[in-house]
Structure formats: C-alpha cells, structure tokens
Amino acid sequence: MFEMHFHNKLVTVGNELSGKLIWYSPDHPLPRQARAFVHWYTEGRGDRDEQTIFTIPLEPEQLIRDQRVDFPFAVTIPHSGPITYNGSLIRVIWAVQAWVKLPRSSKRDHTQTWPFLVMPR
C-alpha cells in the first residue's frame with residue numbers, strides 16, 4: 001500500500017528528517033480513513049511512552065486506486081530528542097507510521113512502520 005523513501009535515515013537532533021510517503025494500491029479497496037505521522041516510542045520494561053512529532057497530511061480522498069500518489073514531508077527533530085537507544089531494559093525507537101482503515105468488507109486495518117535513527121549532535 002505504502003512505500004517510504006527517506007532522504008536520510010540517520011538524523012541528528014535539531015536537524016531535519018525528510019522524505020516522501022508513496023501510496024500505490026492496485027489490489028486493495030480504497031480506505032475510509034488514513035493517517036501518517038512521525039513519532040518516537042519506548043519498548044521494554046516499564047510503561048510505554050510515545051510522542052507524535054509531526055502529522056503528514058493524508059486524506060482518504062487523495063488516495064486513488066491504481067495511481068501513485070506522493071506525500072513529501074520534512075520535520076525538524078527536536079533538540080531535546082530523545083535519541084535512538086537500544087538497551088537491554090528499554091529501547092527508544094523513532095519511526096514514520098502510516099495507517100489506513102479499510103472498508104468493512106476487508107479483514108482489517110493496515111499499518112506500516114519505517115524506523116529511522118536519531119543521534120546526538
């Protein structure tokens with residue numbers, strides 16, 4: 001359904017993440033709802049934390065069957081981070097995530113996630 005093309009998958013805090021989310025779906029029905037966002041979240045011990053940094057404008061009526069539709073985006077990663085971290089007890093993961101709600105005739109909603117790295121300056 002979606003493809004992701006990052007201009008750079010390694011970003012330092014305070015700098016820009018940019019790329020484009022690409023819709024192309026000849027085999028699926030058109031979604032009733034759609035959204036995409038840049039966010040970070042934690043995995044591991046303790047409660048899950050997460051924060052959405054940027055929402056990529058994405059309207060279901062923009063998604064056309066059998067046509068490629070590009071959604072370019074650019075967002076500045078906050079200086080406060082957090083940075084990507086992969087420890088034994090906790091992980092901090094940055095990602096772009098796209099979600100579509102398919103019509104009732106379909107079996108389920110569809111989510112795709114593309115991680116990227118945020119490093120300190």
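Select aspartate 70 and arginine 68 in this predicted model: their side chains meet in a salt bridge, with an N to O distance of 3.2 Å. Arginine 68 is partly exposed, at 48% relative accessibility. Salt bridges with shared partners bring Lys20, Arg68 and Asp70 together in one network.

Add lysine 20 to the selection. Its side chain meets that of aspartate 70 in a salt bridge of 3.6 Å, N to O. This pair connects distant parts of the chain, since lysine 20 belongs to strand β3 and aspartate 70 to strand β6, 50 residues apart. Lysine 20 is partly exposed, with a relative accessible area of 30%, and aspartate 70 is likewise partly exposed, with 33%.

Next, display strands β3 (residues 16-23) and β6 together. The two pair in the antiparallel sense over 8 bridges. To follow the register, select glutamate 16, which stands opposite threonine 76 in β6.

Keep β6 in view and colour its two faces separately. Val69, Phe71, Phe73 and Val75 make up the covered face. The uncovered face consists of Asp70, Pro72, Ala74 and Thr76. Aspartate 70, already selected for its salt bridge to lysine 20, therefore lies on the uncovered face, and its relative accessible area of 33% counts as partly exposed.

Continue along the chain into the loop between β6 (69-76) and β7 (85-86), where proline 82 is located. The peptide bond from glycine 81 to proline 82 is cis, with omega near 5 degrees. Most peptide bonds are trans.

Now move to glutamate 43 and arginine 91. Their side chains form a salt bridge of 3.3 Å, N to O. Glutamate 43 is in strand β4 and arginine 91 in strand β8 (residues 90-101), so the salt bridge ties together parts that are 48 residues apart in sequence. Both are partly exposed: glutamate 43 at 33% relative accessibility and arginine 91 at 34%.

Remain on strand β4 (residues 33-44) and select histidine 39. Is this residue buried or exposed? With a relative accessible area of 1%, histidine 39 is buried, because the limit for that class is under 20%. Beyond its neighbours within four places in sequence, histidine 39 contacts Glu50, Gln51, Thr52, Ile53, Ile93, Trp94, Ala95 and Gln97.

Finally, turn to the surface and select Leu10, Leu117 and Met119. These residues form a nonpolar patch with about 240 Å² of accessible area together. Leucine 10 is in strand β2 (residues 10-12) and, at 45% relative accessibility, counts as partly exposed.

Note on methods. Residues are numbered from 1 along each chain as its sequence is written. This is a predicted model: local features need pLDDT of at least 70, side-chain atom pairs count only at pLDDT 80 or more; totals for chains, interfaces and linings use all residues. Side-chain values use heavy atoms; hydrogens and water are left out. Helices (H or I, at least four residues) and strands (E, at least two) are DSSP runs, numbered from the N terminus. Patches are made of residues with over 30% relative accessible area and no salt bridge: like charges are joined within 9 Å, nonpolar side chains (Val, Leu, Ile, Met, Phe, Trp, Tyr) within 5 Å. Accessible areas come from the Shrake-Rupley method with a 1.4 Å probe; for residues, only the protein chains shown count as cover. A salt bridge is a side-chain nitrogen of Lys or Arg within 4 Å of a carboxyl oxygen of Asp or Glu. Buried means under 20% relative accessible area, exposed over 50%, partly exposed in between (1.4 Å probe, protein chains only). Two strands pair if DSSP finds at least two bridges between them. Contact means heavy atoms within 4.5 Å.
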